[in-house]
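This note is intended for a colleague who meets the structure for the first time. Please read the numbered points beside the sequence and the model.

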Amino acid sequence: MKQTTFASQAFDGKKKLTRRERFLGEMDAVVPWSTLLAVIEPHYPKAGRRGRPPMPLETMLRIYFMQ
């Protein structure tokens, strides 16, 4: 475990938000994730069948929205 110092704690609070972090924050505020997941979930493939297991639904949905 890495020990934090007073300087690193002060610097962490002043860190500038990147464009990616700002975009993801705006996307979380605007998109109703729980509603979308509830609508799509019945149609999303389930695990347990042959082949590669599907990626988690929320992960895939976020990737599609970022594209």
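How many salt bridges does the count come to? The count comes to two salt bridges, and points 4 to 6 take them up in turn.

1. Nature of the model and its annotation. The model is predicted. UniProt, in an unreviewed entry, lists residues 15–67 as "domain: Transposase InsH N-terminal". In the model, this span is 57% helix and 0% strand. The C-alpha atoms at the two ends of residues 15–67 are 26 Å apart.

2. Fold and overall dimensions. The protein chain contains four helices and zero strands, and its pattern along the sequence reads α-α-α-α. The radius of gyration of the chain is 18 Å, well over the 11 Å given by the globule rule for 67 residues, so the chain is more spread out than a compact globule. The C-alpha trace spans about 50 × 30 × 20 Å along its principal axes.

3. Surface and charge. Of the 67 residues in the chain, 10% count as buried. The chain exposes about 6600 Å², and carbon and sulfur atoms supply 60% of this area. The chain carries 12 positive and 6 negative charges, and the mean positions of the two groups are 8 Å apart.

4. The salt bridge between helices. As general background, side chains of opposite charge can pair when their charged atoms come close. Arg62 forms a salt bridge with Asp28, and the closest N and O atoms of the pair are 2.7 Å apart. This pair links distant parts of the chain, for Arg62 belongs to helix 4 (residues 57–66) and Asp28 to helix 2 (residues 19–30), with their positions 34 residues apart in sequence. Arg62 is partly exposed, with a relative accessible area of 25%. Asp28 is likewise partly exposed, at 40%.

5. The salt bridge inside helix 4. Which residue forms a salt bridge with Glu58? The partner is Arg62, and the closest N and O atoms are 3.1 Å apart. Glu58 and Arg62 are separated by about one helical turn because they stand four residues apart in helix 4. Glu58 has 36% relative accessibility and counts as partly exposed.

6. The network. Asp28, Glu58 and Arg62 are linked in a network of salt bridges. Arg62 takes part in the bridge with Asp28 and also in the bridge with Glu58. A reader inspecting the model may wish to begin with Arg62, which lies in helix 4.

7. Met60. Is Met60 buried or exposed? Met60 has a relative accessible area of 19%, and the limit for a buried residue is under 20%, so Met60 counts as buried. Its place is in helix 4. Met60 and Thr5 are 55 residues apart in sequence, and their C-alpha atoms are 38 Å apart in space.

8. Arg22. This residue is found in helix 2. Arg22 counts as partly exposed, at 42% relative accessibility. From Arg22 to Gly48 the C-alpha to C-alpha distance is 37 Å, and the two residues are 26 positions apart in sequence.

Technical notes
Residues are numbered from 1 along each chain as its sequence is written. This is a predicted model: local features need pLDDT of at least 70, side-chain atom pairs count only at pLDDT 80 or more; totals for chains, interfaces and linings use all residues. Side-chain values use heavy atoms; hydrogens and water are left out. UniProt positions are given in the numbering used here, feature names are shortened, and annotations may be inferred rather than shown by experiment. The radius of gyration is taken over C-alpha atoms; the globule rule is 2.2 Å times the number of residues to the power 0.38. Buried means under 20% relative accessible area, exposed over 50%, partly exposed in between (1.4 Å probe, protein chains only). Accessible areas come from the Shrake-Rupley method with a 1.4 Å probe; for residues, only the protein chains shown count as cover. Lys and Arg count as positive and Asp and Glu as negative; His and the chain ends are not counted. The place of a charge is taken as NZ of Lys, CZ of Arg, CG of Asp or CD of Glu. A salt bridge is a side-chain nitrogen of Lys or Arg within 4 Å of a carboxyl oxygen of Asp or Glu.
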